[in-house]
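Here is a friendly walk through one protein chain and the ligand it holds. Have the sequence and the 3D view open side by side as you read.

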Amino acid sequence: MKIIVTGGAGFIGGNFVHYMVNKYPEDMIINLDLLTYAGNLETLKPVENAPNYKFVKGDIADRAFIFKLFEEEKPDVVINFAAESHVDRSITDPESFVRTNVMGTTTLLDACRTYGIKRYHQVSTDEVYGDLPLDRPDLFFTEETPLHTSSPYSSSKASADLFVLAYHRTYGLPVTVSRCSNNYGPYHFPEKLIPLIISRALNDEELPVYGKGENVRDWLYVTDHCKAIDLVVRKGKVGEVYNIGGHNERTNLEVVKTILKALNKPESLIKFVTDRPGHDRRYAIDPTKIETELGWKPEYTFDTGIVKTIEWYLNNKEWWEHIISGEYTKYFENMYGERL
Ligand SMILES: Cc1cn([C@H]2C[C@H](O)[C@@H](COP(=O)(O)OP(=O)(O)O[C@H]3O[C@H](C)C(=O)[C@H](O)[C@H]3O)O2)c(=O)[nH]c1=O
């Protein structure tokens with residue numbers, strides 16, 4: 001099979017490319033990525049010379065380019081990870097989220113419709129369901145939970161999901177959608193909570209915690225997510241949505257304190273800062289459907305996954321140190337300067 005993985009130089013896409021190149025030597029994995037700020041070819045070093053791997057630089061929202069690529073490659077499967085993914089950035093620049101996440105998705109769908117495809121898979125997020133109250137730990141997102149977005153980011157992802165499902169209903173395109181909870185693990189860009197806290201704590205820098213740190217996220221180790229997507233693509237029912245999460249809810253403050261303890265750094269580094277506008281309170285996934293229909297079970301709990309993640313950041317400083325210097329410092333100051 002020829003599989004186009006979009007966004008394969010990003011965090012989840014990059015981990016997925018590693019997983020697929022190693023697991024399916026008989027398949028050809030084409031990594032299509034625009035290499036924007038969070039895309040990094042260093043992430044692909046371990047697989048870049050594999051005979052079943054190829055990198056193509058390009059924009060999923062560039063219709064002429066995408067159609068030419070499909071004409072040349074005739075892929076059997078397309079798995080769309082490419083997305084602007086940072087909620088804070090979507091608050092300052094919503095338009096780029098519409099372009100990549102919505103227009104990029106519809107462009108890929110049109111190419112799939114024109115050239116034919118065995119499966120199109122959309123990698124989505126539990127943020128499309130909005131949030132849950134903090135005082136109702138009995139509530140979880142299921143695939144039937146209505147879409148109810150809070151941020152420009154989640155609105156763009158929900159919109160893309162609806163297009164994907166509409167292309168199934170209207171044109172019969174064989175699609176699946178998965179919606180995951182917060183991922184963490186190797187190669188995570190240090191603008192997101194866990195890698196940001198690890199990298200800044202290692203440099204003894206202040207750690208911005210939004211509001212009171214009471215918001216809850218449901219943490220999923222990235223390779224558990226990769227295995228789930230592989231299962232959905234190969235065995236999931238066409239036209240269906242699958243939620244992916246492993247019941248690992250933690251408040252942000254718990255997460256930050258866990259990392260500080262593991263690194264033997266003081267809690268005095270924590271700085272409570274102005275809250276994110278529209279900040280979702282709690283995400284929590286009910287994974288019953290993917291567990292019962294496809295037999296997926298996560299391998300990592302938060303306690304085992306976070307240790308592995310911290311070890312990776314300690315052993316791979318060359319991957320992240322240059323990111324948090326230079327351009328990134330400017331970005332960080334713009335984003336957090338007023339808060340810190
Ligand atoms: C960067 C940062 C974040 N936070 C808080 C905000 C959130 O409550 C939590 C995690 O934030 P982060 O930006 O890492 O992730 P989410 O906003 O939950 O969204 C993430 O998980 C979903 C599923 C996706 O779909 C997004 O693409 C992905 O970015 O920590 C802080 O308190 N301080 C910080 O410096």
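## Around the ligand

Strand β8 gives the largest share of the shell around the ligand, namely three residues. Keep in mind as you look that this is a predicted model. Two elements, α6 (193-202) and β8 (207-210), each supply at least two residues of that shell. In total, 23 residues surround the ligand, and the closest are T125, Y153, R217, R276 and H279. Sorted by class, the shell holds nine nonpolar, eight polar and six charged residues.

Which atoms of P208, Y210 and N252 come to 2.8 Å from the ligand? For P208, a backbone N or O atom lies 2.8 Å from a ligand nitrogen atom. For Y210, a backbone N or O atom is likewise 2.8 Å away, here from an oxygen atom of the ligand. N252 uses its side chain: an N or O atom there is 2.8 Å from a ligand oxygen atom. The ligand exposes 670 Å² when taken alone, and the protein buries 95% of that.

## The annotated domain

UniProt, in an unreviewed entry, lists residues 4-308 as "domain: NAD(P)-binding". Over residues 4-308, the chain is 40% helix and 17% strand. The C-alpha atoms at the two ends of this stretch are 29 Å apart.

## Two faces of helix α2

Now find helix α2, residues 63-73. Which of its residues are buried? They are I66, F67, L69, F70 and E73. These residues lie on the same side of α2 because they cover an arc of only 160° around the axis. On the face turned away from that buried side, α2 carries the exposed residues A64, K68 and E72.

## Two aspartates in loops

Is D59 buried or exposed? D59 sits in the loop between β3 (53-57) and α2. Its relative accessible area is 14%, so D59 counts as buried, the cut-off being under 20%. The side chain of D59 also makes a polar contact of 2.8 Å with the side chain of R99.

D93 belongs to another loop, the one between α3 (87-92) and α4 (94-115). With a relative accessibility of 37%, D93 counts as partly exposed. Its side chain is joined to that of S96 by a polar contact of 2.8 Å. For a link across the sequence, look at D93 and P152: they are 59 residues apart in sequence, and their C-alpha atoms are 8.7 Å apart in space.

## Positive phi angles

Most residues other than glycine have a negative phi. With that in mind, have a look at L35 and K74. L35 is not a glycine, yet it has a positive phi of about 55°. You will find L35 in the loop between β2 (28-33) and β3. L35 is partly exposed, with a relative accessible area of 26%.

Where does K74 lie? It is in the loop between α2 and β4 (77-80). Its phi is near 45°, again a positive value in a residue other than glycine. At a relative accessibility of 47%, K74 counts as partly exposed.

Definitions and conventions
Residues are numbered from 1 along each chain as its sequence is written. This is a predicted model: local features need pLDDT of at least 70, side-chain atom pairs count only at pLDDT 80 or more; totals for chains, interfaces and linings use all residues. Side-chain values use heavy atoms; hydrogens and water are left out. A residue is near a molecule or strand if one of its heavy atoms lies within 4 Å of it. A polar contact is a pair of N or O atoms within 3.5 Å; within protein, one must be able to donate a hydrogen and the other to accept it, and residues adjacent in sequence count only if both atoms are side-chain atoms. Accessible areas come from the Shrake-Rupley method with a 1.4 Å probe; for residues, only the protein chains shown count as cover. Helices (H or I, at least four residues) and strands (E, at least two) are DSSP runs, numbered from the N terminus. Ala, Val, Leu, Ile, Met, Phe, Trp, Tyr, Cys and Pro count as nonpolar, Asp, Glu, Lys and Arg as charged, and the others, Gly among them, as polar. UniProt positions are given in the numbering used here, feature names are shortened, and annotations may be inferred rather than shown by experiment. Buried means under 20% relative accessible area, exposed over 50%, partly exposed in between (1.4 Å probe, protein chains only). The arc is that of the directions from the helix axis to the C-beta atoms.
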